[in-house]
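Good morning, colleagues. Please take a moment to look at the structure on the screen before I begin.

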Amino acid sequence: MGLVNLLFAIILILSFGFFTINIRKIIRNIKLGQDVNRSDNPSSRWKNMAMIALGQSKMVKRPIAGFLHIIVYVGFIIINIELLEIIIDGLFGTHRVFSGLGSLYNFLIGSFEILAILVLVSVVIFYARRNIIKLNRFIHNDLKGWPTSDANYILYFEIVLMSLFLLMNAADLHLQNVPGGFDHYSKAGAFPFSQFLLPLFDGLSANLVFILERTFWWLHIIGILIFLNYLYFSKHLHILLAFPNTYFANLSPEGQFDNLESVTKEVKLMMDPNADPFAAAPVDENAVPSKFGANDVQDLNWVQLMNAYTCTECGRCTSVCPANQTGKKLSPRKIMMDTRDRLVEVGNNIDKNKGVFIPDNVTLLNNYISAEEIWACTSCNACVEECPVNINPLSIIIDMRRYLVMEQSAAPMSLNNMMSNIENNGAPWQYNQQDRLNWKEE
């Protein structure tokens, strides 16, 4: 192995090592959540993952954005199949090691170039929609600062990587056509678009073009490795997490809420005619004190935490939220972004304190998400229906509402009045129980 190949191997090991460390942090943070069983009905779960994560079925509900996203998604993934060839070439000093596939190789390289052009066009349109046309969901208050920059950084990354891919191929093609041949650059591949970049190298010596080709090659592979590790800090983590997120999504009907187990046990006990109402409940000294609802990320379940990491920040949820449309403070996208930010903060706390979380007097509820946001929600499930990767902001909202009501008795006055009326009158309205059926006499 030559010095250059050794350098490439070191960069590769460091890159994948750093990526592995960050992925382990994400898994650790997700496991901070409460346990929930999502192993039921595997056939439906595999179908969900195939249709929604792989097939992008919910993306195309908005045809233009959906179609462009499919181009970028499929193009970027397929083009990076060439990453395998680049890694082999980099480690062993070969050149286009798969060129022995002949016409199939020509077809693949040609297809990659077509996809690269389509990705470039799509990314430019995405940039225009976000920064020139400024669609409402991309200029919302919850996207100020880093989220806006992050989205643009991703677009820049994709433009640079696709451009480097085409320039690398063009320089390679130039060297393949050097009269009498040049070094090991034998005829290999089909280049339907990069061939039009050949005039860029006219008049340059073969040695200079070789240096340019190697520069483009190195920048392309290093750019891909940087992008891979940037995912940890970016909303584009959904590239990886969309698959498990759709698999472990809740399969219950969207209008069906889960019941708290502790409350369900008490209700069943109250309804049991054979139960002694004065008998003391058995005490388990080893049991963890129960907590109703959630006020921090550790109180949420692990699927909700994975939802937070998977959020694409596309804003489809907020754009269909009736509360948000009427000027309320609630933004389902912000709920997910705040949950992720708090989870990252908790994870950093654990890293800083050698694997132990030290209370920091900060909670998801109140410090990140206000009670005003929580109570603005109509529980309509529009955000859940709209999300292209099956994220459920409503489940987090409901859990925080439960905490406010059952742990802090902090429900709004109108809700307290309603619940008192139901308890005393058997109906949400304030009148005597004997008057409940008077309406039929009218």
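**Cysteines, an arginine and a leucine**

C383 is buried, and its relative accessible area is 10%. I should say at once that what you see is a predicted model.

Let me stay with the cysteines. How many disulfides does the structure hold? The count is zero. C383 takes part in no disulfide, and the cysteine sulfur nearest to its own, that of C317, lies 6.4 Å away. C311 is likewise without a partner: its closest cysteine sulfur is also in C317, at 6.2 Å, and this is too far for a bond, because a disulfide requires two cysteine sulfur atoms within 2.5 Å. C311 is buried, with a relative accessible area of 6%.

I turn next to R137. This residue belongs to the loop that links α5, residues 103-131, with α6, residues 146-176. Is R137 buried or exposed? R137 is buried, yet it forms no salt bridge. The nearest side chain of opposite charge is that of E386, at a distance of 7.6 Å. If we set aside the neighbours within four places in sequence, the contacts of R137 include R62, R129, R316 and R333. Also among them are A65, L143, C314, G315 and S319.

Finally, let us consider L101. Where is L101 placed? It sits in the loop between α4, residues 82-92, and α5. L101 is partly exposed, its relative accessible area being 45%. From L101 to G55 the separation is 46 residues in sequence, and 29 Å in space when taken from C-alpha to C-alpha.

Terms used. Residues numbered from 1 in each chain as written. Predicted model: local features only at pLDDT ≥ 70, side-chain atom pairs only at ≥ 80, totals over all residues. Heavy atoms only, no water. Helix = DSSP H or I, 4+ residues; strand = E, 2+ residues; numbered from the N terminus. Buried < 20%, exposed > 50% of the residue type's maximum accessible area, 1.4 Å probe, protein only. Lys, Arg positive; Asp, Glu negative; His and termini not counted. Salt bridge = Lys/Arg side-chain N within 4 Å of Asp/Glu carboxyl O. Contact = heavy atoms within 4.5 Å.
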